[in-house]
Amino acid sequence: MEAWRRALDAPVSAFPIAKAGPAHIATLKTFDPPLATLQGRRLRGVERRGKRLLLPTDDGELVLLVHLMTAGRLKMLGAGENGPKQPAFALEFAGGSRLLLTENAKKKRAGVWLLTPEAAEGELAHLGPEADTLDAPALAEILRNDSRRLHPLLRDQRVIAGIGRAWSNEILHAAKLSPYALSTDLDDDEVARLATAMRDELSRGLALREAAAGDDRTYRVHNKLGKPCHVCGTPIARVDFEEHTIYYCPQCQTGGRVLKDRRMSRLLR
Ligand SMILES: [Zn+2]
């Protein structure tokens, strides 16, 4: 998300908005204030909070909040440049450039909210601290107060903002920690390794995204079932935990142990 933010910050603020919309009915989550109130206003740029992008107007009256979820993509097109026929959301700027949100998925999950700054603050109040700002003592404090398995804990935006399931896989592999390890069982060395892995992996991801690398080059563990671990060569394994699929190296992370599936449906049965 930080790579999107940097790429879009200058172009969205270059011209005032000429036309807001169209928007897919499943994508636009708010109707008041109406989208048309954006027209004629200029955006101040792009800010980021966790996995959400915020585009405030420069008069301080409105905030456009964007959550891309898994399949949403943002694209800036120059005047006259051809784009997808039916984007999920579009902003057209004076001069003809366009910001488009597309989502190549059957079920539309990405969302756009047009909010007052107060309402936006309310939406974001439940988010935890940004993952890339946490040092080892701050992380230790979080882990001590929330006894849970590491993979779901890292993904919980209320606890730490900015890590999805792919980066949970990458970070835990880099930290050599089991995705099933309990947060309260980590010793000081392990907490320090996790804090370092969070910072290093997120900055590695950002650098690769800025160099326009795709998922295949960016991820080393996520979605790499059966591929050799880049550290030890052991085939990467996969385990289902609740509704999520976790990827890990059984050599580097679990001391040779293969983790057992714990699907939600099985837990409920
Ligand atoms: Zn390994």
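**Questions on salt bridges, a sheet and a pocket**

Visitor: What is the relative accessible area of Arg48?

Guide: Buried means under 20% relative accessible area and exposed means over 50%, with partly exposed in between, using a 1.4 Å probe and protein chains only. Arg48 counts as partly exposed because its value falls in that middle range. The relative accessible area of Arg48 is 22%.

Visitor: What kind of model is this?

Guide: Residues are numbered from 1 along each chain as its sequence is written, and side-chain values use heavy atoms, with hydrogens and water left out. Local features need pLDDT of at least 70 and side-chain atom pairs count only at pLDDT 80 or more, while totals for chains, interfaces and linings use all residues, since this is a predicted model.

Visitor: How far apart are the closest N and O atoms of the salt bridge between Glu2 and Arg48?

Guide: A salt bridge is a side-chain nitrogen of Lys or Arg within 4 Å of a carboxyl oxygen of Asp or Glu. Glu2 and Arg48 form such a bridge, and this pair links distant parts of the chain, with Glu2 in helix H1 and Arg48 in strand S2 (residues 47-49), 46 residues apart. Here helices (H or I, at least four residues) and strands (E, at least two) are DSSP runs, numbered from the N terminus. The closest N and O atoms of Glu2 and Arg48 are apart by 2.8 Å.

Visitor: Which residues are joined into one network by salt bridges that share partners?

Guide: Glu2 also forms a salt bridge with Arg5, with 3.2 Å between the closest N and O atoms, and another with Arg6, again at 3.2 Å. Arg5 lies three residues from Glu2 in helix H1 (residues 2-13), while Arg6 lies four residues from Glu2, about one helical turn away. Glu2 itself is buried at 18%, whereas Arg6 is partly exposed at 42%. Linked through shared partners, the whole network consists of Glu2, Arg5, Arg6, Arg48, Arg49, Glu130, Asp132 and Glu210.

Visitor: In what order do the three strands of the open sheet stand?

Guide: Two strands pair if DSSP finds at least two bridges between them, and the pairing in this open sheet is mixed. Strand S10 (244-248) and strand S11 (262-263) each have a single partner strand, so they stand at the edges and one side of each is left without a neighbour in the sheet. The order is S10-S9-S11.

Visitor: Which residue in S10 stands opposite Ala237?

Guide: Strand S9 (residues 237-242) pairs with S10 in the antiparallel sense over five bridges, and a hairpin of one residue joins the two strands. One facing pair is Phe241 and His244. The residue in S10 that stands opposite Ala237 is Tyr248.

Visitor: The side chain of His222 makes a polar contact with the side chain of which residue?

Guide: His222 lies in the loop between helix H7 (215-218) and S9, and His222 is buried at 5% relative accessibility. Contact means heavy atoms within 4.5 Å, and residues touching His222, not counting those up to four places away in sequence, include Arg165, Ala166 and Tyr247. A polar contact is a pair of N or O atoms within 3.5 Å, where within protein one must be able to donate a hydrogen and the other to accept it, and residues adjacent in sequence count only if both atoms are side-chain atoms. At 3.0 Å, the side-chain partner of His222 is Asn169.

Visitor: How far apart in space are His173 and Cys249, C-alpha to C-alpha?

Guide: His173 is found in helix H5 (residues 165-174) and is buried, with a relative accessible area of 4%. Cys249, 76 residues away in sequence, is among the residues that His173 touches. From C-alpha to C-alpha, His173 and Cys249 are apart by 7.0 Å.

Visitor: Which element supplies the largest share of the lining of the second largest pocket?

Guide: On a 1 Å grid over the protein atoms alone, a pocket is an open set of points with protein on both sides within 12 Å along at least five of seven lines, and lining residues have an atom within 4 Å of a point. Strand S3 (52-56) and helix H2 (117-124) each supply at least two lining residues. The largest share, four residues, comes from H2.
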